[in-house]
Amino acid sequence: MWFAAAVGSAVLFGLAGWWMKVSQMQSGSSAYLLLGLYISGTCGFGIHAALEHTLLPSLADPRVWLAGLLIGAGSALGNALFMKALEWGPASLTSPLTNMNIILVIALGTFGYNEQLSKTELGGVLLLLSAVVLVSMRGKEKAFRIAPRWYFYVGISILLFAIRNGGLKVTGDLGLGSAPILFVAYSLSIVWFAVAARQERTRRSSLGSLRAGHEVVSGLMQKSLRAASIGMKWGLIAGLFSYGGLQLYAIALETGRANIAGPIFAANSLVVAAGSIILYRERLNGYQWTAFVLTIAGLVLIRL
C-alpha cells in the first residue's frame, strides 16, 4: 500500500511540475502560476479534510497551525528561492542540488526513527538518488557565470524543501492529520504569492508607463494580462496534481518508511522529462536515458 502511494505521489507531483513547464513554454507569469497552484491546492486539501471530518477539529489545534506555518514556509519560500537560484546559476546544477534535500529526509527516517535499510533497499535508494541528479544534466552546455548569491539561494532552498518533505513525517508520527496541515500550509502560501503577483503587475505597469506612445503601453499591458492569465490557468491545474501528489506522499510516510518513500517521491522530475519527450519532442541525452534506467532498477531493488 505505502509503496503504491509513494510511486503515485511521484507521478502526480511530477504532473504538477509538467503543467508548470507548460506554462513556462507558453510564457506564463511564474508569480500567477504559483498563486493559482496554491489556490487550487488549498481547495483540494480543504475538501479532503472536510470529507474526513478533520478540518474544523484540527483548526482548533495550535500544533496544526504551527506545523502548517513551517511546512508552508518550506514550500512557498523554497519555490520562490528556487526560482531566484535559476536566475543566477545553471538549471543543470540548480535542479539536482535542490532535489538533494531528500538526503535529509532519508537521514531523518534512518537515524531519527530507526528505519532499517536492507542491502537491496539501500542499493535501490542510491540508484534513485543517482537518477535525480542525472535527469537534470544537459551534457555540453555553454559556460554559465555563477554569482555568489546562487550558493545562498540553493543552500536555503535545500533546507526549506527538507522542512516540507520531512515535516510531514514528523507530523504524521505525532498523529496529526496531513490534509488539515497542508490546507493551512497552502492557504498561508496564497498570501505570499498574492503579494508577489501584485508586485509583478505593478512592475510591469511601471515599465509600460516609461515607454513612449499609447500603442506601446497598450501592447505591454495586453502582454502582461495574457501572461497572468496563462500562469493562473496552468497554476490552478498544477495545484490539483500538487494536492494529490503531496497527499499520497503523506500517506506513504505515515504507513511506510521515509528513507524509501522520500527517494521515490524525489523521482517526480522524471515525469517532466517524459512529458517533454512526448509532447515537445525534446531529445534525451545519455545522462537522462541513464536516469530512466536507474529509476526502474531502483524501484525493482526496493521491492525485492
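How much accessible surface does the protein have, and what share of it belongs to carbon and sulfur atoms? The accessible surface comes to about 15000 Å², and 67% of it belongs to carbon and sulfur atoms. The model is predicted. The protein has 13 helices and zero strands. Of its 304 residues, 49% are buried.

**Overall fold**

- From the N terminus on, the elements run α-α-α-α-α-α-α-α-α-α-α-α-α.
- Take the contacts between residues at least 6 apart in sequence: 90% of them join residues at least 24 apart.
- One pair far apart along the chain is Leu 122 and Gly 298. These residues are 176 apart in sequence, yet their C-alpha atoms are separated by 9.2 Å.
- Leu 122 lies in helix α7, which covers residues 119-134. Leu 122 counts as partly exposed, at 40% relative accessibility.

**Helix α2 and its flanks**

- Helix α2 has 22 residues. The distance from its first C-alpha to its last is 32 Å, close to the 32 Å expected at 1.5 Å a residue.
- Helix α2 is mostly covered, with 16 of its 22 residues buried.
- At the start of α2, a side-chain oxygen of Ser 29 comes within 3.4 Å of the backbone nitrogen of Ala 31.
- Ser 27 sits in the loop between α1 (2-25) and α2 (30-51). Its phi is near 60 degrees, a positive value in a residue other than glycine.
- Ser 27 is exposed, because its relative accessible area of 51% is over the 50% cut-off.
- His 53 follows just after α2 and takes a positive phi of about 60 degrees, although it is not a glycine.
- The loop that holds His 53 runs between α2 and α3 (55-59). His 53 counts as exposed, at 67% relative accessibility.

**Helix α4 and its N-terminal cap**

- Helix α4 spans residues 62-88, which gives 27 residues. It reaches 38 Å from first C-alpha to last, close to the 39 Å expected at 1.5 Å a residue.
- Asp 61 caps the N-terminal end of α4. One of its side-chain oxygens lies 2.9 Å from the backbone nitrogen of Arg 63.
- The side chains of Asp 61 and Arg 63 also meet in a salt bridge, at 2.9 Å from N to O.
- The two partners differ in cover: Asp 61 is buried, with a relative accessible area of 18%, whereas Arg 63 is partly exposed, at 45%.

**Salt bridges**

- How many salt bridges does the structure hold? The structure holds two.
- One joins Arg 63 and Asp 61, as described for α4.
- Another joins the side chains of Lys 169 and Glu 115, at 3.1 Å from N to O. This pair links distant parts of the chain, 54 residues apart. Lys 169 is in helix α8, and Glu 115 is in the loop between α6 (101-112) and α7.
- Lys 169 is buried, at 10% relative accessibility. Glu 115 is buried too, with a relative accessible area of 8%.

**Two buried serines**

- Ser 157 is found in helix α8, residues 148-173. Ser 157 counts as buried, because its 0% relative accessibility is under the 20% cut-off.
- Which residues does Ser 157 touch, leaving out those up to four places away in sequence? Ser 157 touches Gly 78, Leu 81, Phe 82 and Thr 98.
- Ser 189 has its place in helix α9. Its relative accessible area is 2%, so Ser 189 is buried.
- The side chain of Ser 189 reaches the backbone oxygen of Gly 72 at 3.4 Å.
- Beyond its neighbours within four places in sequence, Ser 189 is in contact with Tyr 38, Gly 72 and Ala 76.

**Nonpolar surface patch**

- Trp 65, Leu 69 and Leu 188 form a nonpolar patch on the surface. Together they have about 280 Å² of accessible area.
- Leu 188 is found in helix α9, residues 178-210. At 34% relative accessibility, Leu 188 counts as partly exposed.

How values were computed: Residues are numbered from 1 along each chain as its sequence is written. This is a predicted model: local features need pLDDT of at least 70, side-chain atom pairs count only at pLDDT 80 or more; totals for chains, interfaces and linings use all residues. Side-chain values use heavy atoms; hydrogens and water are left out. Helices (H or I, at least four residues) and strands (E, at least two) are DSSP runs, numbered from the N terminus. The expected span of a helix is 1.5 Å times one less than its number of residues. A polar contact is a pair of N or O atoms within 3.5 Å; within protein, one must be able to donate a hydrogen and the other to accept it, and residues adjacent in sequence count only if both atoms are side-chain atoms. Buried means under 20% relative accessible area, exposed over 50%, partly exposed in between (1.4 Å probe, protein chains only). Contact means heavy atoms within 4.5 Å. Patches are made of residues with over 30% relative accessible area and no salt bridge: like charges are joined within 9 Å, nonpolar side chains (Val, Leu, Ile, Met, Phe, Trp, Tyr) within 5 Å. Accessible areas come from the Shrake-Rupley method with a 1.4 Å probe; for residues, only the protein chains shown count as cover. A salt bridge is a side-chain nitrogen of Lys or Arg within 4 Å of a carboxyl oxygen of Asp or Glu.
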